[in-house]
Amino acid sequence: MSSQIDHLLTENRRFAPSPEFAANAVATADLYAQAHADREAFWAEQARALHWHTPFTEVLDWSNPPFAQWFADGELNVAYNCLDRHVEAGAGDRVALLWEGEPGDERRITYAELTDEVRRVANVLTDLGVEQGDRVAIYLPMIPEAIAAMLAVARLGAIHSVIFGGFSADSLRTRIDDAGAKLVITSDGGYRKGRVSPLKPAVDQALADRGNGPQGTVEHVLVVRRTENEVGWTEGRDIWWHDTVPQASADHVAQPFPAENPLFILYTSGTTGKPKGILHTSGGYLTQATFTNRVAHDLHPETDVFWCTADIGWITGHTYVTYGPLANGATQVLYEGTPDTPHPGRWWELVEKYGVTILYTAPTAIRSFMKLGREIPQRFDLSSIRLLGSVGEPINPEAWMWYRNIIGAGTAPIIDTWWQTETGAMMISALPGVTETKPGSAQVPLPGIGVDVVDESGEHVGNGNGGLLVLTKPWPSMLRGLWGDPERFVETYWEKFQDKGYYFAGDGARLDDDGDVWFLGRVDDVMNVSGHRLSTTEIESALVGNEAVAEAAVVGASDETTGQAVVAFVIIKQSYLDAHSPEGLAGTLRQWVGEQIGPIARPRDVYIVGELPKTRSGKIMRRLLRDVAEGREVGDTTTLADTAVMSVISAQVK
Ligand code: WTA
């Protein structure tokens, strides 16, 4: 990490907003002053941009920290805010979704059409017994039905749990069971990398193969036909979307629900093996999603074409594909497939074709385009782009400059936005048209957000110093808890700085001489691979779940393209070592992890070693393994029980 800090300290390029951009920008410097003068009044004003069936009179209730309530006596319907109200305001003909499938099929869906579709789906879900508070699991590719499904669940006051299509049957089962889902919405498959990638078989397996787990709660599986691959069918349980949704009535009146009615659960990796079900509620979440999408993305809904490339299986897809842009009445691109199919310029072709004006993506994508060369984007007309955004991991200054120069024609402002599944919406970002940007720094808290960098005792570190990032004030889209586990919620985020009442984010950060924030990566056992959060412990438990493995340790090693990569060190049982080649075993274990968790968790390297470095109390020293994985000289080994072990491991890895 120290080489990274040195590198960042030498970064002194600055980019002031152009006067033309500033003249038309949604954000103004005045927002900071307003939020500063009265934070709660500021958020109340943002909340009033939504439609409230029953206006709220209370803003924040923080009488029982860390359990916050925002706008608690107000009532709204989240889906009504994303759909019906735009139609009622005369914008029904505006395109909501410019969808393109990976094979090149297209659908343009207006706000009026999407509203009708969601009403139909809501009627179908009601027929299937879905009511306020019920949990619905969604396991779909990036097709318009995925968004319609989320909004239909929200419309009924029920709770969705979207599970990324890249997760395995096992991960799916854990999440379905933890939430006690009543219904699963899936599809036969989706298109990925030029092929059909089936989804329904994983659902079938998750529901069949229940081990000794609890009795299943799922009553029905609603299946969208997308790829027309053969699927297994359970009579009485499985229902085709195309047999029910088109026939359903498009009359459905959205009922109001309390602001604190749960909206969704989204599972994310923590420091233990068990994923955490992050719980978000309605009014505060939608307020901050809508506000940040408008001011940080400089969104002009009537003229912009917005494209956030995230999958709806992640928080970025929830907030900046489904909720923020639709609540703002924006037109957005939705693309099903991978960036390099059928050719490496696919994204730039889409930007040209749809005239994308705002592009929001992850540094890992930018770095892989950089590697392929500027010739590819330069073959397309990208002149429509006027703003670029980055999310998910620190963006290194080189990638930042390439993004600005090659994709943004050297003029588009870049916002580097820091936030988490837990925060629900952006927390730290420049405001385009207002902030002078710096390559590599996420910079400043958004108006109404309290941020600090502190030492282990919670004291402000001061400019020029590094420490831990904390959030000092409750915010509207904050997580309301972990599904079914209030103790873990308090323990994970609030206990560390209990005296100060700060939220501990788990990120290392540094303040520069101007007080701007630079992120340095996670300080816990969470890895960030291509902007996806993975837990070292979760992968270790998957590895030791294989009968060949005696012990395993996993580290996140820095990787030029993916930010971090999963590297596993495993001790194999002697009988397996005798019977198999090391290469064969390593390959099998990579695949095994892919099956257990999902392809994103597959280790880049699996090293078979004779021992693992442990302290006298038996704790694995991952820091030393990271040194080996990154090809560095191994650091201080004096606290090891056996100080010779690292030279043995280094030799085995070579
Ligand atoms: C990291 C994604 C640096 C960080 C929205 C955080 C970032 C974790 C940035 C959350 C950024 C996200 N700069 N690091 N702009 N954005 N991170 O829950 O470590 O998938 O804690 O949410 O990603 O990942 P999550």
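This is a stop-by-stop tour of the structure, with what to select at each stop. Keep in mind that the model is predicted.

**Stop 1: the ligand**

Select the ligand and the shell of residues around it. The shell has 17 residues, and the closest are Asp416, Thr417, Thr421, Asp507 and Arg533. By type, the shell holds six nonpolar, six polar and five charged residues.

Now colour by secondary structure. Helix H12 (315-327), strand S20 (414-417) and strand S25 (517-522) each give the shell at least two residues.

Next, look at individual atom pairs. Start with Thr417: a backbone N or O atom of this residue sits 2.7 Å from a nitrogen atom of the ligand. Move to Gly392. Here a backbone N or O atom is 3.1 Å from a ligand nitrogen atom. Then pick Asn528, where an N or O atom of the side chain lies 3.5 Å from an oxygen atom of the ligand. How much of the ligand does the protein bury? Alone, the ligand exposes 530 Å², and the protein buries 96% of that.

**Stop 2: the nonpolar cores**

Select Leu125, Ile185, Tyr323 and Leu469. These are the residues with the most contacts inside the largest nonpolar core, which has 117 residues. Which helix gives the most to this core? Select residues 144-155: this is helix H8, which gives nine residues. Apart from this core lies another, of 42 residues. To find that second core, select Val221, Val529, Ala542 and Val549, which are among its members.

Go back to Leu469 and show its contacts. Leaving aside neighbours within four places in sequence, Leu469 is in contact with Trp418, Ile428, Val451, Asp452, Val453 and Tyr503, among others. The list also includes Phe504, Ala505, Asp507, Ala509, Val517 and Phe519. Asp507 is a link back to the first stop, as one of the residues closest to the ligand.

**Stop 3: Phe21 and Asp298**

Select Phe21. This residue lies in helix H2 (residues 19-24). Is Phe21 buried or exposed? Its relative accessibility is 11%, so Phe21 counts as buried. Now show what Phe21 touches, not counting residues up to four places away in sequence: Asp298, Arg386, Leu387, Pro413, Pro432 and Gly433. For a sense of distance, draw a line from Phe21 to Pro339. The two are 318 residues apart in sequence, and their C-alpha atoms are 29 Å apart.

Step across to Asp298, one of the residues Phe21 touches. Asp298 sits in the loop between helix H11 (283-295) and strand S16 (305-308). Check its backbone: phi is near 50°, a positive value in a residue other than glycine. Most residues other than glycine have a negative phi. Asp298 has a relative accessible area of 1%, so this residue is buried.

**Stop 4: Phe71 and two cis peptide bonds**

Select Phe71 for another positive phi, near 55°. This residue lies in the loop between S2 and strand S3 (75-76). Phe71 is buried because its relative accessible area is 0%.

Now select Pro65 and Pro66. The peptide bond between them is cis, with omega near 5°. Pro66 is in the loop between strand S1 (60-61) and strand S2 (69-70). Then jump to Thr341 and Pro342. The bond joining them is also cis, with omega near 0°. Pro342 is in the loop between strand S17 (331-335) and helix H13 (346-354). Most peptide bonds are trans.

**Stop 5: His220**

Select His220, in strand S11 (residues 220-224). Which backbone oxygen does its side chain reach? It is that of Arg237, at 3.2 Å. Widen the selection to the residues His220 touches, again not counting residues up to four places away in sequence. They are Leu128, Lys182, Leu183, Val184, Gly236, Arg237 and Ile239.

**Stop 6: Gln652**

Finish at Gln652, in helix H22 (residues 645-653). At 37% relative accessibility, Gln652 counts as partly exposed. Not counting residues up to four places away in sequence, Gln652 touches Ile608, Val609 and Gly610. Last, draw a line to Gly408. Gln652 and Gly408 are 244 residues apart along the chain, and 46 Å separates their C-alpha atoms.

Terms used:
Residues are numbered from 1 along each chain as its sequence is written. This is a predicted model: local features need pLDDT of at least 70, side-chain atom pairs count only at pLDDT 80 or more; totals for chains, interfaces and linings use all residues. Side-chain values use heavy atoms; hydrogens and water are left out. A nonpolar core is a set of buried Ala, Val, Leu, Ile, Met, Phe, Trp, Tyr and Cys residues joined through side-chain atoms within 4.5 Å. Buried means under 20% relative accessible area, exposed over 50%, partly exposed in between (1.4 Å probe, protein chains only). Helices (H or I, at least four residues) and strands (E, at least two) are DSSP runs, numbered from the N terminus. Contact means heavy atoms within 4.5 Å. A residue is near a molecule or strand if one of its heavy atoms lies within 4 Å of it. A polar contact is a pair of N or O atoms within 3.5 Å; within protein, one must be able to donate a hydrogen and the other to accept it, and residues adjacent in sequence count only if both atoms are side-chain atoms. Accessible areas come from the Shrake-Rupley method with a 1.4 Å probe; for residues, only the protein chains shown count as cover. Ala, Val, Leu, Ile, Met, Phe, Trp, Tyr, Cys and Pro count as nonpolar, Asp, Glu, Lys and Arg as charged, and the others, Gly among them, as polar.
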